[in-house]
Amino acid sequence: MVQLRLLGPVEIETDEGLPLALGAGRIRTVAAVLISEVNQAVTVQRLIDLAWDGEPPARARGVVHNHVHRLRQLLDGHAELVTRGQGYVLIADPAAVDSHRFRSLVSAARDADPRAAVAMLRRALGLWRGEALADVPGDRVRRTLGVGLAQARVAALQELGAKLLLLGRYGELVTELTAWTAEHPLHEELAALLMRALQANGRQAEALDHYHRTRRHLKEQLGIDPGPALGAAYLEVLGRGPAVPPPPVVVRPPAGPPPPGPYAEGPRPAAPPRVAQLPPAVVDFCGRTRELAVLEQHLDRVPRPHCLVLAGGGGTGKTSLAVQWAHRLTAEFPDGQLFVDLRGFERPPMRAGTALSAFLRALGVPEAAIPDSVPERAALYRSLLAGRRMLVVLDNAGTAEQTRPLLPATPGCLAVVTSRRRLSGLVVRDGAVLVGVGPLTPGDALRLLANALGPQRIEADKPAARELVRWCDGLPLALRIAAARLMAHPEWPLGCWTRKLADERRRLQELSAHDADLAVEASLYLTYRALSSGAARLFRVLGLHPGPRVGELDAAALAGRDVARTRRHLAELCDAHLLEEQPQGHYVRPELVRLYAAQRAVAEETRSDRDLAVRRLLDQVARLRPARG
């Protein structure tokens, strides 16, 4: 949809997000009038009067026709500009005009509860990019079209301030009002709101100072004294008069305790709908004592982190852990829980904008009120979470960029992110805390099997059960698949199944529930596919190394690359939990990862390339043998 903008310089933007080159001069005036009266006929005479301030030259009609012809060319394929009677009509969706969206949001905010109204008013005011029609020549058109918009903007600022004051968000209000009053130093209602906000925030001296400063401006520039609104606020700050409530707002029935502050006895806002989106917890969840203890420790920290990242390889049970812990925290976050599977390693992954739309709908925002751009959606989302205590679970994130717009900003909320990557960008830039999720301990893995198969079956052949845990690398996904296969054959002894898994050529194939997303091999493939081409090739050739432990020099030899480049690719493999770095430049990998790497090497590397890589490795080992000896 083409975007038509008047709240700042006049702009027309195509569906592809490209601005049209309007040029300078009175063509911008013609465009501004047609946009402001979209879908209505505008006579040529009106265009002439507005464009030349009532004193047009003799050739004005021809100039207007030329401007309209030029606009038609620019709008071709994006919007229609048609001749109707003695004038022209710009045909477009009114929602494409920023001034129309601004007025619609302000109108909707009047019937919303204060928290939702704040979000709508912020979105409305965010449409402004400066003074309305800032680059349009001519005083008459700016007076005719711009003054009403400027007044509506100030009224929206005043309404937003009143609602923030009602909600008790005094510090936030002081910050915003300081900027607003600097822009509108002679507006008495805004000055009175700032004085009230400062007083409520315990800053009486600053409130009085602002009164005297505004009084001087009014006297010096307009020659008048403060009016009733500013005078009443002054007396209120001095304690000489009754508290004057903020402008009346329409609210829905109360829900929850009133906000603190001098207006706590007034109408109370209704909270947005409570959201409970968590999927069911795993019934037979067991283990993870260390990880749960770490999570609880971070929850008890002061200040508490706003984001926790549970990072681990595919199949380690990150989602089960996150959901299990989230269910335990329902009392800690009484305003609800949001959950989304970001599908970060699928194609295509879910976009942050799509996830934000889902969250906004869950929080009660009508579809028509959801902003078009991701930054606007994120701003609305964070505004709705402000002052609430909510838990947000972002499952299966692919990158920090996919996750960042979904992080709440209010201290009362917590985001729990799961990912196959470490998402170091969230840790470094956003202050997230990283919690590693690895394989289960042998004891917890045996308990998982016992929960699924029954303790008697495990006790009947405990050595085979331990061997089964070893072949599954302690991965919950692999263990659950093995347990499902064994449940289908209750007469099988465990040893029968472990003998199947002992065969390296069959192990990955056997650890499949015959479902595309329930197989160890499929899980590893998703991680492998997300690697860069250099890291993916290194992963493949590492499959030619026979042991679980690889040195960086051996890795460089297999890849046929210099050590510096190899280190970068090794770091990427570690970030994806396909390797684990050890001291002194060594790396280890689970057995199932090694088998999958070997499988990819056979499938994607030619026989000659594989032979060449092995020869380079053997030459490297021979060169180092004296030193190692």
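How many salt bridges does the count come to? The count comes to 33 salt bridges. The model open in the viewer is predicted, and the tour below visits some of these contacts in turn.

**First stop: arginine 485 and glutamate 510.** Please select both residues. Their side chains form a salt bridge in which the closest N and O atoms are 3.2 Å apart. The pair links distant parts of the chain, with the two positions 25 residues apart in numbering: arginine 485 belongs to helix H20 (residues 476-487), while glutamate 510 belongs to helix H22 (residues 504-510). Glutamate 510 has a relative accessible area of 7% and is therefore buried.

**Second stop: helix H27.** Next, select residues 591-604, which make up helix H27. Within this helix, arginine 594 and glutamate 591 lie three residues apart, about one turn of the helix. A salt bridge joins them, the closest N and O atoms being 2.5 Å apart. The accessibility of each partner may then be inspected: arginine 594 is buried, at 9% relative accessible area, whereas glutamate 591 counts as partly exposed, at 22%.

**Third stop: helix H28.** Proceed to residues 607-628, the span of helix H28. Here aspartate 611 and arginine 607 are four residues apart, and about one helical turn separates them. Their side chains meet in a salt bridge of 3.6 Å, N to O. Aspartate 611 counts as partly exposed, with 32% relative accessibility; arginine 607, with 57%, counts as exposed.

**Final stop: a network.** Lastly, select Arg5, Glu11, Glu13, Asp98 and Arg129 together. Salt bridges with shared partners join these residues into one network.

Methods
Residues are numbered from 1 along each chain as its sequence is written. This is a predicted model: local features need pLDDT of at least 70, side-chain atom pairs count only at pLDDT 80 or more; totals for chains, interfaces and linings use all residues. Side-chain values use heavy atoms; hydrogens and water are left out. A salt bridge is a side-chain nitrogen of Lys or Arg within 4 Å of a carboxyl oxygen of Asp or Glu. Buried means under 20% relative accessible area, exposed over 50%, partly exposed in between (1.4 Å probe, protein chains only).
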